[in-house]
Each structure stands twice: as structure tokens, then as C-alpha cells.
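Student: I am new to this structure. Please take one part, the nonpolar core, and show me closely how it is built and what lies around it.

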Amino acid sequence: MRSSVPLYYDGIESYYLFGTAIWTALQKKIKIMKKIAIIGLGYSGLISAYEILQLCENIEITIYDRSAANGAGIAYNSHCNSHALNVVASKMSAIEDKADDFTKWLLDNSLIKEEAVADTFFAKRQYYGKYLLSILVDMQQRYHDLVKII
């Protein structure tokens, strides 16, 4: 597992974040930060921003992304109907404390008919990309004054 690489610039400490271990170690530091920059708006950038906003009430986040990935990134931005996820839908929630979030999103958007199907259903990658976009839209609406995407 990789560890964080501390960088020092004009007395300001910043980190490259790698994995959940470093996320756990940095939670206390993040709570006292006022601004955070995230590079990339794929899955990792989106969910990092989401989790930081859940942890901190008044932190400004600037996300730099030139691809306009809208949270889907390359992996989930497919427009091919035959590209499926390699994990069943019931195990694909992007929100850690909401294990059935993706399943509920599929039901709400009439992409599956009953919750039990999610245990055997391999959703299309584009569905997951749209699910991630819905998280981004919700995050922008709820935290419009704290999140800026450049």
C-alpha cells in the first residue's frame, strides 16, 4: 500500500492521497483545513470530495478537471450498451455508509424492477456513470457555495 507524500510549499502542508489508510490518517487534519484542491473528477475525485464534505462543514473544495468527466471518469463514461460492470449492482454503492444506494438509484430510475435482482444483476457501465453524475449533481446543489469545478 502506498503512503502519503507530504509536500511543503510556503509553510502550507499538503498531501497526495492514496487509499483509505491515508484517508483515515488525514481525517483530523482535514477537519481543520479551510480549502482543498482535488485533481480529476472521475470516481476517486468525486467520492473524495463527497466524503470530505460529509466530514467537514465549511471547507472549500476546488476540483480541477479538463475532461468534463462529470464524475464518471473514463471507466464509467461508456456509451456502449454491452459494457457491463464486473461486480453485481448490490455491491456497487459509491457511498460507504449507504450500502444499497446504487440499488435504490436503479429502482428509482426504473432500470431494475425489484431489489432482489440487484444481487445477480451486472449493471451497464453507463448506468453507473449516470449514478455517479447524480451524486455530483446532488453535491453541487447541497454545497453550491463550497464546491467549484474548474
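Tutor: Start with the names of the parts. Helices (H or I, at least four residues) and strands (E, at least two) are DSSP runs, numbered from the N terminus. By that count, tyrosine 64 is found in strand β4, which covers residues 60-64. Keep in mind that this is a predicted model.

Now the core. The largest nonpolar core has 36 residues. Among these, Phe102, Tyr128, Tyr131, Ile135 and Met139 touch the most other members. Several elements each supply at least two core residues: β3 (35-39), α2 (43-55), β4, α3 (101-108) and α4 (125-142). Helix α4 gives the most, with seven residues. As a general rule, nonpolar side chains in soluble globular proteins tend to be buried together.

Look at one of those well-connected members, methionine 139. Set aside its neighbours within four places in sequence. Methionine 139 is then in contact with Leu46, Ala49, Tyr50, Leu53, Ile63, His144 and Val147.

Next, the rings. The structure holds six aromatic pairs. One of them joins phenylalanine 102 and tyrosine 128 edge-to-face. Their centres are 5.0 Å apart, and the planes are at 80 degrees. Phenylalanine 102 sits in helix α3 and tyrosine 128 in helix α4, so this pair ties together parts that are 26 residues apart in sequence. Both phenylalanine 102 and tyrosine 128 are buried. The pairing goes further: Tyr76, Phe102, Trp105, Tyr128 and Tyr131 are linked by ring pairs into a cluster.

Stay with helix α3 for a moment. Threonine 103 lies in this helix. Its relative accessibility is 4%, so threonine 103 counts as buried, the cut-off being under 20%. Leaving aside neighbours within four places in sequence, threonine 103 is in contact with Ala89, Ser90, Ile112, Glu115 and Ala118.

Ala118 also brings in valine 88, which lies in the loop between β4 and α3. Again leave aside neighbours within four places in sequence. Valine 88 is in contact with Ala118, Asp119, Thr120, Phe121 and Phe122. Valine 88 has a relative accessible area of 16%, so it is buried. Its C-alpha atom is 9.5 Å from that of valine 117, a residue 29 places away along the chain.

Now move to residues with some surface showing. There are two salt bridges. In one, the side chains of aspartate 100 and lysine 104 meet at 3.5 Å, N to O. Aspartate 100 is partly exposed, with a relative accessible area of 28%. Lysine 104, at 44%, is partly exposed too. The other bridge joins aspartate 138 to arginine 142, with the closest N and O atoms 3.1 Å apart. Both residues lie in helix α4, four residues apart, about one turn of the helix. Aspartate 138 is partly exposed at 29% relative accessibility, and arginine 142 is partly exposed at 42%.

Finish where we began, at tyrosine 64. With a relative accessible area of 38%, tyrosine 64 falls between the cut-offs of 20% and 50%, so it is partly exposed. Tyr64 joins Ile39 and Ile150 in a nonpolar surface patch of about 340 Å².

To recap: helix α4 gives the most residues to the core, and aspartate 138 and arginine 142 in that helix form a salt bridge.

Technical notes: Residues are numbered from 1 along each chain as its sequence is written. This is a predicted model: local features need pLDDT of at least 70, side-chain atom pairs count only at pLDDT 80 or more; totals for chains, interfaces and linings use all residues. Side-chain values use heavy atoms; hydrogens and water are left out. Patches are made of residues with over 30% relative accessible area and no salt bridge: like charges are joined within 9 Å, nonpolar side chains (Val, Leu, Ile, Met, Phe, Trp, Tyr) within 5 Å. Accessible areas come from the Shrake-Rupley method with a 1.4 Å probe; for residues, only the protein chains shown count as cover. A salt bridge is a side-chain nitrogen of Lys or Arg within 4 Å of a carboxyl oxygen of Asp or Glu. Buried means under 20% relative accessible area, exposed over 50%, partly exposed in between (1.4 Å probe, protein chains only). A nonpolar core is a set of buried Ala, Val, Leu, Ile, Met, Phe, Trp, Tyr and Cys residues joined through side-chain atoms within 4.5 Å. Contact means heavy atoms within 4.5 Å. Rings of Phe, Tyr and Trp (its six-membered ring) pair if their centres lie within 6.5 Å; planes under 30 degrees apart count as stacked, over 60 as edge-to-face and the rest as tilted.
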